[in-house]
Amino acid sequence: DDPKPKYNRILLKLSGEALMGPRDYGVDPDTVRGIAVQIKQVHEMGVQVAVVVGGGNIFRGVSVAAAGMVRATADYMGMLATVMNSLSLQDALEKQELPARVMSAFDMRQVAETYTRPRAMHHLKSGRIVIFGAGTGNPFFTTDTAAALRSVEIGADIIMKATKVDGIYTADPVTDSTARQIRHTTHMNVLEKQLKVMDATAISLCMDNKMPILVFNLTEPGNIIKAVLGEEIGTLVED
Ligand code: UDP
């Protein structure tokens with residue numbers, strides 16, 4: 001028998017950096033293709049996949065605001081960056097013959113559909129990958145919060161938060177040799193111990209709505225599939 005997925009509908013959160021691969025700015029086409037191939041494998045198991053992409057590989061509002069720009073304006077630029085990343089993922093998915101739709105949190109009709117929940121549900125149920133662009137559409141938020149919000153809206157079973165490390169650690173594994181990986185924890189513990197998973201706004205939204213979060217390493221090929229099959233990888237945050 002083919003292995004059965006543990007989740008039917010997932011929200012995959014990719015940081016902008018996940019699309020950067022070995023580069024230090026922008027989008028690496030090979031890396032994006034690799035992600036699209038993994039999404040295709042999961043999709044072929046019958047899993048509905050929604051994606052939220054960040055923008056940090058192009059533009060991050062907070063850092064630019066620190067250098068003097070009005071924060072709200074810088075954040076709108078950051079949101080536009082997420083739309084660029086969303087388009088590059090859509091392109092890579094379509095090249096894998098996977099129908100994909102970018103849904104923007106604000107109107108940009110010639111570029112992407114505007115997000116509405118019913119349309120998003122329709123796309124998912126029709127077997128299309130939905131990529132949520134422009135974050136929440138509001139400055140002072142992050143794409144992690146967008147991931148939390150959209151996951152709850154579409155009734156996802158879990159948020160899969162892709163990172164460059166194997167999960168949550170007790171300390172920074174790069175600088176502290178005593179750091180060990182935490183396999184399982186709660187939203188409250190993440191908040192109290194200020195574990196670096198997602199920002200507090202995103203975590204508390206997940207906590208209030210009992211949305212589990214799996215933090216896992218995207219740089220290990222095949223990990224998205226392992227995560228969907230429920231194999232013991234990464235760190236699971238749930239109540
Ligand atoms: N952003 C925003 N509102 C949102 C989501 C994102 O203002 O709802 C802006 C913010 O400036 C942020 C940038 O978009 O710095 C890129 O998003 P994020 O930093 O979350 O990307 P990631 O770290 O995942 O690459």
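In this tour, a strand, labelled E, is a DSSP run of at least two residues, and strands are numbered from the N terminus. The model is predicted.

**First stop: Arg180**

Select Arg180, which is placed in the loop between strand E7 (168–169) and strand E8 (181–182). Is Arg180 buried or exposed? A residue counts as exposed if 12 or fewer other C-beta atoms lie within 10 Å of its own. Arg180 has 11 other C-beta atoms within 10 Å, and therefore it is exposed. Next, show Tyr169 and Thr170, with which Arg180 is in contact when neighbours within four places in sequence are left aside. For a sense of distance, add Gly230: its C-alpha atom is separated by 21 Å from that of Arg180, and the two residues are 50 apart along the chain.

**Second stop: the annotated binding site**

Now select Gly55, Asp75, Thr136, Gly137, Asn138, Pro139, Phe140, Phe141, Thr142 and Thr143, which an unreviewed UniProt entry lists under "binding site". These residues span 89 residues in sequence, but no two of their C-alpha atoms are more than 14.2 Å apart, so they gather at one spot.

Within this group, centre the view on Gly137, found in the loop between strand E5 (129–133) and helix H5 (143–153). Gly137 has 18 C-beta neighbours inside 10 Å and therefore counts as partly exposed. Add Ala105 and Phe106 to the selection; Gly137 touches both, residues up to four places away in sequence not being counted.

Move on to Asn138, which also lies in the loop between E5 and H5. Because 15 other C-beta atoms lie within 10 Å of its own, Asn138 is partly exposed. Then select His122: this residue and Asn138 are 16 residues apart in sequence, while their C-alpha atoms are 24 Å apart in space.

**Third stop: the largest nonpolar core**

Which residues of the largest nonpolar core touch the most other members? Select Ile10, Val51 and Ile159, which hold that place among the 66 residues of this core. Keep Ile10 in view and display the residues that it touches, not counting those up to four places away in sequence: Val47, Val49, Ala156, Asp157, Ile158, Met160 and Val228.

How values were computed
Residues numbered from 1 in each chain as written. Predicted model: local features only at pLDDT ≥ 70, side-chain atom pairs only at ≥ 80, totals over all residues. UniProt positions renumbered as here; feature names shortened; annotations may be inferred. Helix = DSSP H or I, 4+ residues; strand = E, 2+ residues; numbered from the N terminus. Buried ≥ 20, exposed ≤ 12 C-beta atoms within 10 Å, placed from the backbone. Contact = placed C-beta atoms within 7 Å. Core = buried A, V, L, I, M, F, W, Y, C linked by C-beta atoms within 7 Å.
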